[in-house]
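Visitor: Please show me the model. I have some questions about it.

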Amino acid sequence: MEKKPDLIEFTSEDGEIVLFSVTGQVKIAGTDYLLVTDNSMDSGEEEAYILKKLEEKDGQSVYSMVEEEEELSAISKVFEETLEDIDIEMGH
């Protein structure tokens, strides 16, 4: 039986709610990061993003997109090493 991916609702800065599939999770220096994919693209290809946990608020985790280039590159390498069998193009 195939395991279904965990899903997470993400609210963008402009208030749009996006549903992501959680592909991986790592904790680095006490900070949780999620590798998520969005397969709602018209082309059928998945695009990947990295979310960084900021805080817990009312029992819910609050995440933001990792956009700083140095942090994104470092965390991407960690996910590439831990999830070698996944071929995903990282989006910004």
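Visitor: Where does E16 lie?

Guide: This is a predicted model. Two strands frame the residue: β1 covers 6–11 and β2 covers 17–28. E16 sits in the loop between β1 and β2.

Visitor: Is E16 buried, partly exposed or exposed?

Guide: Its relative accessibility is 47%. Buried means under 20% and exposed means over 50%, with partly exposed in between. E16 therefore counts as partly exposed.

Visitor: Which residues gather with E16 in a patch of negative charge?

Guide: The patch is on the surface. Asp and Glu count as negative. Together with E16, the patch holds E13, D14 and E67.

Visitor: In which strand is L54 found, and is L54 buried or exposed?

Guide: L54 belongs to β4, residues 47–57. Its relative accessible area is 51%. The cut-off for exposed is over 50%, so L54 in strand β4 is exposed.

Visitor: Which residues does L54 touch, not counting those up to four places away in sequence?

Guide: Contact here means heavy atoms within 4.5 Å. With residues up to four places away left out, L54 touches V62, Y63 and S64.

Visitor: What separates the C-alpha atoms of L54 and Y33?

Guide: Along the chain, L54 and Y33 are 21 residues apart. In space, their C-alpha atoms are separated by 9.6 Å.

Visitor: What pattern does the protein chain follow along the sequence?

Guide: The secondary structure comes to 1 helix and 6 strands. Read along the sequence, the pattern is β-β-β-β-β-α-β.

Definitions and conventions
Residues numbered from 1 in each chain as written. Predicted model: local features only at pLDDT ≥ 70, side-chain atom pairs only at ≥ 80, totals over all residues. Heavy atoms only, no water. Patch = residues over 30% accessible without salt bridge, like charges linked within 9 Å, V, L, I, M, F, W, Y side chains within 5 Å. Areas by Shrake-Rupley, 256 points an atom, 1.4 Å probe, with all protein chains shown as cover. Salt bridge = Lys/Arg side-chain N within 4 Å of Asp/Glu carboxyl O. Charge placed at Lys NZ, Arg CZ, Asp CG, Glu CD. Helix = DSSP H or I, 4+ residues; strand = E, 2+ residues; numbered from the N terminus. Buried < 20%, exposed > 50% of the residue type's maximum accessible area, 1.4 Å probe, protein only.
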